[in-house]
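Grab a pencil and work through a few exercises on the structure shown below. Try each task yourself before reading its solution.

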Amino acid sequence: MELLNKLTAAFGPSGYEDEVADIIIDEIKPYVDEIKRDRLGNIIALKKGKTSKKIMTSAHMDQIGVMVSYIEKEGYLRFTNVGWVDPHAILYHIVRFKNGVTGIVSKEDKKEIKDLKLKDLYIDIGACSKEEAESKVRIGDFAVFKSFFKLVGDRVYSGALDDRIGCYILIEAAKRLKDNKSDVYFTFTVQEETYTSGAATSAFAIEPDMAVVIDVTDTGDTPNCNAMAVKMGDGAAIKVKDGGMICHPFIKKFLEETAEKYGIKHQYEILVGGATDGSEIHVSKTGVLTGAISIPSRYVHTPEELVDMKDVEAVISLLTKTLEEWEK
Amino acid sequence: MNYDVLKEYTDALSPSGCEGNIRDVIKSKVQNFGDIVVDSMGNLMVHKKGSGKRVMIAAHMDEVGFIVTSICKDGRIKFGTVGGIDPRILVSKRVVFVKNNLLGVIGVKPIHLQDREERGKPIPKKDLFIDIGATSKEEAEKYVKLGDFAAFESEYIDLGETIKAKALDDRIGCFLLTKLLKDDYDFDLYGAFTAQEEVGSRGAGVAAYRIKPDVAIAIEGTTCADIAKDEKDFVTTLGDGPAISLMDRTSSASGKLLKMIINTAEENKIPYQFRRGIVGGNDAGRISRAREGCLTCTISVPTRYIHSPISMIKKKDFENTLKLIKLVLKNIEKGEF
């Protein structure tokens, strides 16, 4: 749990993933044969196999956040979103800048909550003037949402589980992986929340034969929610499709068979909106057979997200076995 | 500074997809600066050989415009827009067809014939047409065919401190890039005059795929919303210097590159501003994700009223942008980046 805590606490809005990358590199270095960070900042770590086939497995390092766009003369900060941010979800939450400065997200008093837009919000860092604010933050500075890390039974709530939980799973898989048949490229991508550009460029470099993307997904098990087959606690969610990719039937089947072979609890995921790094990877170069295993997660893209560690364990097992056994 | 070349550039008629006119003009100015390639998308690329590091500077050649979609029985021409144009600005504007310089006007029902309700509303695009003075479909077809392109017709005017012209987005970038290409650098400099930016940066991705840049800077004529009511809604302000982009819908500036650019501006006392807001996108998006990716940033000359027949820049902003980018390139040359 200490590792997951460290990963979620690291500062890493899209484009500024260095803190997260440093933790990951430290963790996986002993378990892989080669490791590098590319120009955009993706970590690509190779664990060699016995065949010439290449598998890419990816999780993104970046998290959603905000960026300062304007500083008012009274010292309030106006901001814009980094990745998809719901104004209602962040109202009266605390944001944290890289240098430790924190502020409260508040709204213009006369704006009705039901009509709330990001431009109606501002951040109060306790500064009394523009000058004072500018001594602490600048236009263009990024901030993330401050969050708690709390284990409640098997479940964890924390910020940035999208997709640090995926990073955690990849790290664990790298540690457990034994006798993998194909070359396995553990890929920790940048800028998924904004442009999925890290996935595009790393897939181009790796040129994999097959890819498995690890990211969070929504659930359909909360009061009065949209219908969705995924349930927290029901195991690893094998993706069928989302807004950016239809998983290759071949990979979906392989994941299914592997889960059954090893008795790993699993379910199927169909995500109506939203997409993952897979949207870029599966159409890279001449195309890549791509599938995804998702972690059922509640309150995605809010300051506190929730996952079940039993599901996480199921995803680690299914990913590890898949990486070991794939040789096609 | 002499702006004659800018006039030539903005006078050229070249909506996205038919960049031939502007490309020919640019080519005549840059052909002696390096090796020239025109690719299948219509991008014009100039390569100044150096030793190793590949630096790409991109400016797009195309402008917003119109395409003929049907010709009515009475000779009126229905059109689609090429690139983002607010239909409310189209009424009573002059347009010019690219292939034959034929003039037309976007006609509208006169006020006398509009009822009270109609007068209070903008006229939707489907009710607008281009009138070239033809009285029948047959007559119109002698001059114009389906798929023909037209551009805004507007005069280049030097107002002293400011310049008013059509298509300053992004002929101002092309003008700036032309000036940059005159200088020599140690690194491999690729000047890319790109095609089809206004319809989704289609040229830039292809150009970057060929060039394989290590670092790239896009030069733009960007939105200048200093006419908004509230200062916090301004995107850039005319006269406040080069606008450095932080992020938009297609890419965010590389933090490392950004820092170097800001330091360069501050050390040399060049005024600069940030491009606030994240709306819009440009060539940097496609360039940043071409192949294995490269570090990008966009530096823009603030431009009022873009995507209309009249856009406006301040000469001072242009000159400061040129100065800043030259110094940034010098820093790249020195290996500071």
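## Exercise 1: Two domains in chain A

In chain A, 31 Å separate the centres of domain 1 and domain 2, taken over C-alpha atoms. This is a predicted model, in which local features need pLDDT of at least 70 and side-chain atom pairs count only at pLDDT 80 or more, while totals for chains, interfaces and linings use all residues. Residues are numbered from 1 along each chain as its sequence is written, and chains are lettered from A and ligands numbered from 1 in the order in which they are written.

Task: find the bounds of the two domains of chain A, then say how many residues each gives to their contact.

Solution.
- Step 1. Domain 1 of chain A covers 2-63 + 159-325, and domain 2 of chain A covers 66-145; such bounds come from an automatic or database domain assignment.
- Step 2. Domain 1 of chain A puts 11 residues into the contact and domain 2 of chain A puts in 12. Two residues are in contact if their C-beta atoms, placed from the backbone, lie within 7 Å.
- Step 3. On the domain 1 side there are 4 nonpolar, 6 polar and 1 charged residues. Here Ala, Val, Leu, Ile, Met, Phe, Trp, Tyr, Cys and Pro count as nonpolar, Asp, Glu, Lys and Arg as charged, and the others, Gly among them, as polar.

## Exercise 2: Now chain B

Task: work out how chain B is divided into domains, and how many residues of each are in contact.

Solution.
- Step 1. Chain B splits into domain 1 (4-63 + 166-333) and domain 2 (65-152).
- Step 2. Between the C-alpha centres of these two domains of chain B lie 31 Å.
- Step 3. In chain B, 13 residues of domain 1 are in contact with 12 residues of domain 2. By class, that side of domain 1 of chain B has 5 nonpolar, 5 polar and 3 charged residues.

## Exercise 3: Where the chains meet

Task: say which element gives the most to the side of chain A that touches chain B.

Solution.
- Step 1. Start with the totals: 21 residues from chain A and 18 residues from chain B take part.
- Step 2. On the chain A side, β4 (65-71), β5 (77-82) and α6 (197-206) of chain A are the elements that give two or more residues. Helices (H or I, at least four residues) and strands (E, at least two) are DSSP runs, numbered from the N terminus.
- Step 3. The answer is α6(A), with 5 residues.
- Step 4. Sorted by class, this side of chain A has 9 nonpolar, 8 polar and 4 charged residues.

## Exercise 4: Following one strand

Task: take strand β6 (residues 94-97) of chain B and say which side chains are buried, then find the strands β6(B) pairs with.

Solution.
- Step 1. V95(B) and F97(B) point to one face and are buried, while R94(B) and V96(B) point to the other and are not. A residue is buried if 20 or more other C-beta atoms lie within 10 Å of its own, exposed if 12 or fewer, and partly exposed in between, with C-beta atoms placed from the backbone.
- Step 2. In a regular strand the side chains alternate between the two faces of the sheet.
- Step 3. One partner is strand β7 (residues 103-107) of chain B, antiparallel over 3 bridges; two strands pair if DSSP finds at least two bridges between them. V95(B) has G104(B) as its bridge partner there.
- Step 4. β6(B) and β7(B) make a hairpin with 5 residues between them, and N101(B) in the turn has a positive phi of about 60°.
- Step 5. Another partner is strand β9 (residues 149-152) of chain B, also antiparallel over 3 bridges, where F97(B) is matched with A150(B).

## Exercise 5: A loop residue

Task: is E161(B) buried or exposed, and why?

Solution.
- Step 1. Locate E161(B): the loop between β10 and β11 of chain B.
- Step 2. E161(B) counts as exposed because it has 9 C-beta neighbours inside 10 Å.
- Step 3. Leaving aside neighbours within four places in sequence, E161(B) is in contact with K314(B) and K315(B).
- Step 4. For the strands flanking this loop, β10(B) and β11 (residues 162-165) of chain B pair in the antiparallel sense over 2 bridges, with I157(B) opposite K164(B).
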